[in-house]
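Visitor: Could you take me through one helix pair up close, and then show me what surrounds it? I'd like the cut-offs spelled out as you go.

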Amino acid sequence: MNLEKVLFGFFIVLAATLNFGFFIGEIDRPELHNVYELFAAIVVSLIATVLKFGDRTQIGAVHLSTSLVADLQLIAAAVTWAVAVHVTGSGMTPEITASVVSLSGGALFANVISVVILIVETVMLRR
Amino acid sequence: MNSVFFLVLRRMRAPLIALIVAYAVSVLGMSLVPGVNADGTPAPSMSIFHAFYFISYTATTIGFGEIPTAFSEAQRMWATVCIYLTVITWSYMILTILALVQDKAFQQTLVASRFARRVKHLRAPFYVICGCGETGSLICRTLDTLGHDFVIVEKDEYRVQELDLEDFKTDIPTLTADASLPANLLVAGLRHPKCRGVLALTNNEECNLAVAITVRLLNPQVPVLARARTPLVAGNMASFGTDHIINGYERFAEYLALAVSEPEDFRLVEILTGLPGTPLPEVHRPPHGHWIVCGYGSFGKAVIRHLAPMGITSTVVDPDEDGPPTSRSLRGLGTEASTLIDAGIMEARGIVAASDDDINNLSIAMTAKELNPNVFVVTRQNQSANGVLFDTFDADFRMVPTRIVAQECIAILATPLLARFLAGIRNTDETWSKAVSSRVEAICDGLVPVVWDVRIEKTAAPAACEAMKKGLRFCVGDLMRDNANRDERFPAMVLMIERAGKDIVLPDDDFLLESGDALLLAGQHRVRPALELTMQNMHALEYVLTGNDAQGGWLWRWLFAPQSKTAAH
C-alpha cells in the first residue's frame, strides 16, 4: 500500500471529477455552473500537475502534458469569466457562459486522457 | 541539461504544492468573508477575481492596500491569517531553491552536463588526457603551446581547481571523475568524431591499463598512449595492442646507455625531444667503467639492464640486498659513507641514486661526491616539489620520471616524422650528430627548439600548392627566407623531407621541393606561424620568392610575366 501512489491517484481523479462537476449542466445557463467549483477545479488541477513533475519516462511525459493542457484551459475559462464580470462589466451572458463551459469541457477531455493513462499504468503493474 | 531540469522539478514539488494550497485557501477565504460598505452596512464578499488580486500582492509583500473599499473587520482578520500563511510559504520555496542550488550532488550534475555539452560541441581535433598530475600538466602546457585542443579527466578535485589557475589559451573542458570508468571516457568524447587520441597518464598503472582496454574496445581507431611503471603491466598493455606504452624508467635507462656509448647522438636526441621552450640541457658525458646503483626497484633494474650491454659492470646497494645474479649486491641504503666505500665508490666511475625517496637520493649523491669528487652522479627526482633541492645540488644527470614521460608523449603526438629521424640518428656516426647538434643549437638561442612537420598539400599549404601547379619550383632555401625581410633567414632548419616514403635527411638549400613533400623542421617558436603564412598566403610567398611586394592584380602579372620569377634567384 504505497501512500505516494494513493495521493497521486487521488489528486488526478479529484481533478477530473471536479472538472466534470463544473462542466455538467446546460452550456448557456450561468446559474448551473458554480464559480467555486471552477476555483476548486483549477487548484486541484495545479496540484496534480506539480505532482507529475520529474518523471522521466515517456508515460510520465504524456501525463504531464495532459495536465498542462487542462491547466491552460481552466485558467483561460477563469480569465474569460473575470473579464466578463469585472473588466467589461457585461456580466455572464449566455454566450460568455458557453465559452467558459466549453473551455472547461476541453480541460475535461485532457483530464479524462490523464485518468485513462493512470489506469493503463496501474494495469501494467499487475499487482 | 535534461537531467538537471528534472532534478529541479522533483525537488520543487513540495514547496510548489504548499504554495498552491496556501493561495487557494486564502483566496477562498477572502471570497467568502463578508465585506462592509462605507456607511457601515454589510456588503457581499469580494469576488474570486478580486480576492486573487488581493492575495497576489499581499503574498509577494507588495501591499497596495485594501481594495475596492476598506475592509470589514472580519475581512481584516482573515487577511492577517493569509499574510502569515502565504509569506511563510513563499520563504519556504525560496529556501528550497537556495538549498538545491548549493547541493553538491546538484552542482556535480550541473558541471557534468555542462562538460558533456561542451565536449559535444568541440569542432577541432582534440586529445583526451586522463590524469593531470605533474606529467599531465607538462603535456597540457606543451600541447597548448603547440595549439592543440584537449579535454582533461582528473580524479582529484584539488588538482582540477589548480588547473583553473593555469593560463591556457582556450577554456579547457575538465571533468572531475575516475578515468577508468568507461562512462566517463565516453562523456569525455571517446567516440567523438574529432577525438584524436587518448593519453592515460594517471599515477596508477592499473587505471592506465583500464583506460587502454576501454579505448581499444570502444573505439579502436583512436590511438592510446599509456604510461606503465612495471614491465608486467607494460606487457599486459602490449598484449591487447596499446599503440604506445611509455615507461619512464626504461626510456631513461635507454638514454643513459646511449649517452654512455654515443654521447653526440644522445645530445641530438635530447635537443630534439626536449619540451619546447625550456632551457637546453647541458652536455652529459657519462663514463664507461664500474658503476654503483643504489636501489634495486623498477628504475634500478632498468638501468642495470641497459648499461650491461655497454660493458658497464655494476654493484648494487639495496635495503633488501636484492640484485641481479651477475652483480655483487650489498645491503644498505647507500646514504652512509661506509656502505659506499664497501661498494667501491673510490674506484667507481659513476653512481646512480635510484631509490624512490628524494631525500635519500640527495644524501647518496652528496656522500658519493664527497668521497669521490670525480664520480658521475645520476639522481632520480620523484617529486617536482623537491626541484629546488636538485637544482642546487646539480647532479651530472637528473632523471625526472614525469618529464621523461611527458617528452615521450609529445614526441609521439606532435610529429610522427621525428620518430623516423631519430631512428635514423642511431645509424649515423658521432661527427655527423655533433655537426647537426651545433647547427640546431646555433639557431635556438639557448632554448629547446620546437620540432614540427608540415606537408605541402592543399589544406596546409594552399599558396605553395597553387604555385607548384602553375609550374613554379622553389627550393628549401627560398622557403627559409624570413617573410618580413627576405634577406634574412628564419631561425629554423629543415631536418628531413619525406617524399613518397623515402627520407631525405638534411637537404641542402638548393634542394627543389615538390607537391606532397612532408618537411620536418626545427626552430624557434615564432617561426612556425610565420612559415605557415609563407605557405598559405600568396602575397607572402611571392615576396619571399621574388622580392616583389605587390598588391592585388599581381596574380595576372605573375602568371603572364615569367621572366620576373627567375630574376630574384
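Guide: Let's start with the pair itself: α12(B) and α18(B) are roughly antiparallel to each other, a label used for angles over 145 degrees (under 35 is roughly parallel, 65 to 115 roughly perpendicular, and the rest oblique). This is a predicted model, where local features need pLDDT of at least 70 and side-chain atom pairs count only at pLDDT 80 or more, while totals for chains, interfaces and linings use all residues. Residues are numbered from 1 along each chain as its sequence is written, and chains are lettered from A and ligands numbered from 1 in the order in which they are written.

Now the geometry. Helix α12 of chain B covers residues 263-273 and helix α18 of chain B covers 416-425; their axes come within 10 Å and cross at roughly 170 degrees. Axes here are lines fitted to C-alpha atoms, for helices over the stretch in contact, with angles running from 0 to 180 degrees between N-to-C directions. Helices are DSSP runs (H or I, at least four residues), as are strands (E, at least two), numbered from the N terminus.

Who does the touching? On the α12(B) side, B:D265, B:L268, B:V269 and B:L272 make the contact, and they meet B:L418, B:L422 and B:I425 of α18(B). Contact means that the C-beta atoms of two residues, placed from the backbone, lie within 7 Å. By class, that patch has 6 nonpolar, no polar and 1 charged residues. Nonpolar takes in Ala, Val, Leu, Ile, Met, Phe, Trp, Tyr, Cys and Pro, charged is Asp, Glu, Lys and Arg, and the others, Gly among them, are polar.

Zooming out, chain B has 25 helices and 18 strands. Of its 569 residues, 38% count as buried, which takes 20 or more other C-beta atoms within 10 Å of a residue's own (12 or fewer is exposed, in between is partly exposed, and C-beta atoms are placed from the backbone). Among contacts in chain B between residues at least 6 apart in sequence, 66% join residues at least 24 apart.

Chain B also has a neighbour: 12 of its residues are in contact with 13 residues of chain A. On the chain A side, α2 (35-51) and α3 (58-87) are the elements giving two or more residues, and α2(A) gives the most, with 7. That side divides into 10 nonpolar, 2 polar and 1 charged residues. Chain A itself has 4 helices and 0 strands, and averages a pLDDT of 91, pLDDT being the predictor's confidence in each residue, from 0 to 100.
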